[in-house]
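I set out to read this model one feature at a time and to note each result as I went.

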Amino acid sequence: MPERLNFSLRSDESDRLLVAKFSPNAPCPCGSGKKYKKCCAPFHKGAQPKDALTLMKSRYSAYAAGESGYILKTTHPDNVDFSEDRAAWKRSVDAFCKSTAFLGLEIVDVQEGVEEAYVTFTAHLDSGDLKERSRFVKEEGRWLYHSGEFVPLS
Ligand SMILES: [Zn+2]
């Protein structure tokens, strides 16, 4: 079955590219200036971000590093993208990660509350800049991405 063989070779190849792009020693995509392994990687492996801003930055890094599982795990059930069909949702996040180059992150404004927080940021993507005001809520001790609204680029 040559078609199946071809498909699996291609998918191995793209996984290798993602790994090569984000080695543990690479600069963290969130722009902290630290190495990925000393910055956002621990969150992608299960550590809890202590505040909404840390969660926001680690979600940007997760997109850049292709850590789609982290995106699903940190999305609030009320979010429009939340889906019970996790396999299909993960595939769509994976497709976005692989088709997009993440060129940098700028934090514009942060309002941290006890159980609710807002972070406004500009994400630089190869498809253009995206400015968003994100809402985060804390549930059972964990910060989650609740929703976001686009802000016009000034
Ligand atoms: Zn980071």
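Entry 1, the strands. I looked up how β2 pairs with β3 in this predicted model. Strand β2, residues 116-125, joins β3 in the antiparallel sense, and I noted ten bridges between the two. For V119 I found S134 as the bridge partner in β3. I recalled that strands of a sheet pair through backbone hydrogen bonds, either parallel or antiparallel.

Entry 2, the whole sheet. I traced four strands in the order β1-β2-β3-β4, which form an open sheet with antiparallel pairing. The edge strands are β1 (102-112) and β4 (142-150), each of which pairs on one side only. From one strand to the next, I recorded an average twist of 30 degrees. I then looked for helix α3, residues 52-65, and found that it lies across β1, β2, β3 and β4, running at about 165 degrees to β1.

Entry 3, one residue of β3. I selected V137, which sits in strand β3 (residues 128-139). Is V137 buried or exposed? I entered V137 as buried because its relative accessible area is 9%, and the cut-off for buried is under 20%. Leaving out residues up to four places away in sequence, V137 touches H76, E115, E116, R142, W143, L144 and H146. I also checked V137 against D51: they are 86 residues apart along the chain, and their C-alpha atoms are separated by 10.0 Å.

Entry 4, the zinc ion. Which protein donors does the zinc ion have? I listed the SG atoms of C28, C30, C39 and C40, at 2.2 to 2.3 Å from the ion. Along the chain these donors follow the spacing C-x1-C-x8-C-C. The site is tetrahedral, with angles of 102 to 114 degrees among the four donor atoms. Finally, I noted that both C30 and C40 are buried.

Methods. Residues numbered from 1 in each chain as written. Predicted model: local features only at pLDDT ≥ 70, side-chain atom pairs only at ≥ 80, totals over all residues. Heavy atoms only, no water. Donors = N, O, S within 2.8 Å, 3.2 Å for Na, K, Ca; no water. Tetrahedral: all angles 85-135°; square planar, octahedral: opposite > 155°, others 65-115°. Buried < 20%, exposed > 50% of the residue type's maximum accessible area, 1.4 Å probe, protein only. Contact = heavy atoms within 4.5 Å. Pairing = 2+ DSSP bridges. Axes fitted to C-alpha atoms, helices over the stretch in contact; angles between N-to-C directions.
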